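Here's a quick look at a small model, written for someone who already has it open. Have a scroll through it before reading on.

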Amino acid sequence: MSILPALLDNPLALAPVVIVLAHLTLVGTVALVSVLAPTPERRRDARSTLSLLIRWRRAK
C-alpha cells in the first residue's frame, strides 16, 4: 500500500514534507553559492548565511 494517496488527500500531513524539501532546497542553493560565487565577499556572505541556516536547523 502506498502512503502517497493518503498524503495527497490530507494537506496537513503533506505540510512537513514540503517544509523539509523547501529547507533542503534553500540550504543547497546557499551552499552552491558559497562555492561558486565570483567574488570572495559573496562567498563569505553565503558561508555566513549557510552557517546560520544549519545552526538554526540543529537547534530545532
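What follows covers the overall build, then one helix and a surface patch.

This is a predicted model, where local features need pLDDT of at least 70, side-chain atom pairs count only at pLDDT 80 or more, and totals for chains, interfaces and linings use all residues. Residues are numbered from 1 along each chain as its sequence is written, and side-chain values use heavy atoms, with hydrogens and water left out.

The protein has three helices and zero strands, so the pattern along the sequence reads α-α-α. Helices (H or I, at least four residues) and strands (E, at least two) are DSSP runs, numbered from the N terminus. The radius of gyration (over C-alpha atoms) is 16 Å, well over the 10 Å that the globule rule gives for 60 residues, so the protein is more spread out than a compact globule; that rule is 2.2 Å times the number of residues to the power 0.38.

Some whole-protein values:

| Property | Value |
|---|---|
| C-alpha span along principal axes | about 50 × 25 × 15 Å |
| Accessible surface | about 5000 Å² |
| Carbon and sulfur share of that surface | 69% |
| Buried share of the 60 residues | 15% |

Areas come from the Shrake-Rupley method with a 1.4 Å probe, and for residues only the protein chains shown count as cover. Buried means under 20% relative accessible area, exposed over 50%, and partly exposed in between.

Helix 2 runs over residues 11–36 and reaches 36 Å from its first C-alpha to its last, close to the 38 Å expected (1.5 Å times one less than its number of residues). Its buried residues include His23, Val27, Val30 and Ser34.

Val17 also sits in helix 2, and at 38% relative accessibility it counts as partly exposed. Together with Val20, Leu21 and Leu24, Val17 makes a nonpolar surface patch of about 340 Å². Patch members have over 30% relative accessible area and no salt bridge (a Lys or Arg side-chain nitrogen within 4 Å of an Asp or Glu carboxyl oxygen), with nonpolar side chains joined within 5 Å.

Note on methods
Buried means under 20% relative accessible area, exposed over 50%, partly exposed in between (1.4 Å probe, protein chains only). Patches are made of residues with over 30% relative accessible area and no salt bridge: like charges are joined within 9 Å, nonpolar side chains (Val, Leu, Ile, Met, Phe, Trp, Tyr) within 5 Å.
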